[in-house]
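Biologist: Thanks for sitting down with me. Could we walk through this fold together, one question at a time?

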Amino acid sequence: MCRREGMKLYLKGEKCYKPSCPIEKRGTNPPGQHGPNARRKPIGYGEQLREKQRVKRIYNLLETQFRNYFEKAAKRKGVTGETLLELLERRLDNVIFRMGFAMSRRQARQFVRHGHVSVNGRKVDIPSFQVKIGDEVAVREKSANNVHIQGAFQTSGGRGRPGWLEIVNSDKLVGRVIAMPRREDIDQNINEQLIVELYSK
């Protein structure tokens with residue numbers, strides 16, 4: 001899927017950081033025996049659909065979930081595309097990934113589902129939970145020594161952390177939301193306007 005989208009989507013956790021990652025081994029050419037000559041670059045509707053599929057895969061969402069986020073964004077004031085990305089970034093599973101407590105969003109979703117995460121001191125097991133400014137997001141005390149969580153935190157340094165999040169206590173794995181995510185904080189190569197055009201037809 002990463003090769004199909006031409007970028008790292010961090011879908012397989014630890015494997016994404018190893019030389020065996022398909023992107024590292026074969027580059028960003030699309031899969032298939034003909035490589036870069038397999039298909040032409042999509043235009044129009046095809047380009048819009050490809051962009052939507054890419055963002056769905058980045059945030060690990062189903063079609064219905066993604067459409068619901070778009071409808072929420074469309075009802076709010078401001079630029080619809082940027083509002084959509086803000087809602088996606090504020091998901092709890094994404095915040096856990098961005099803070100470095102998980103190696104992928106899929107792994108982060110699993111951690112949340114299994115009760116390893118708390119928000120403002122209370123256990124939250126809903127991956128789609130929307131964080132807000134001032135929320136303290138932490139790995140629960142009984143899970144802080146989990147080898148997978150510790151390994152993810154030690155590995156995530158090279159990935160970078162967005163400016164709207166900060167780590168309050170690296171020993172206890174506690175972070176805080178200090179601002180709303182802005183468009184420039186999202187480092188993925190996303191053209192959200194194509195998604196707006198697709199759903200506006």
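Biologist: Among contacts between residues at least 6 apart in sequence, what share joins residues at least 24 apart?

Modeller: Happy to start there, and do keep in mind that this is a predicted model. Contacts between residues at least 6 apart in sequence form the pool, and the share asked for is the part that joins residues at least 24 apart. That share comes to 59%.

Biologist: Which strands are the edge strands of the sheet?

Modeller: The protein has 9 helices and 5 strands. The strands form an open, antiparallel sheet in the order β2-β1-β3-β5-β4. An edge strand pairs on one side only, which leaves β2 (122-123) and β4 (165-169).

Biologist: Which residue in β3 is the bridge partner of Val117?

Modeller: Strand β1 covers residues 117-119 and strand β3 covers residues 136-139. The two pair in the antiparallel sense over 3 bridges. In β3, the partner of Val117 is Val139.

Biologist: Which helix packs on the sheet, touching β1, β3, β4 and β5?

Modeller: The helix in question makes an angle of about 70° with the direction of β4. Its residues are 92-99, so by numbering from the N terminus the name is α6.

Biologist: Is Tyr199 buried or exposed?

Modeller: Tyr199 lies in helix α9 (residues 192-199). Tyr199 touches Lys52, Glu63, Phe66, Arg67 and Phe70, leaving aside residues up to four places away in sequence. Its relative accessible area is 13%, and the cut-off is under 20%, so Tyr199 counts as buried.

Conventions: Residues numbered from 1 in each chain as written. Predicted model: local features only at pLDDT ≥ 70, side-chain atom pairs only at ≥ 80, totals over all residues. Heavy atoms only, no water. Pairing = 2+ DSSP bridges. Helix = DSSP H or I, 4+ residues; strand = E, 2+ residues; numbered from the N terminus. Contact = heavy atoms within 4.5 Å. Axes fitted to C-alpha atoms, helices over the stretch in contact; angles between N-to-C directions. Buried < 20%, exposed > 50% of the residue type's maximum accessible area, 1.4 Å probe, protein only.
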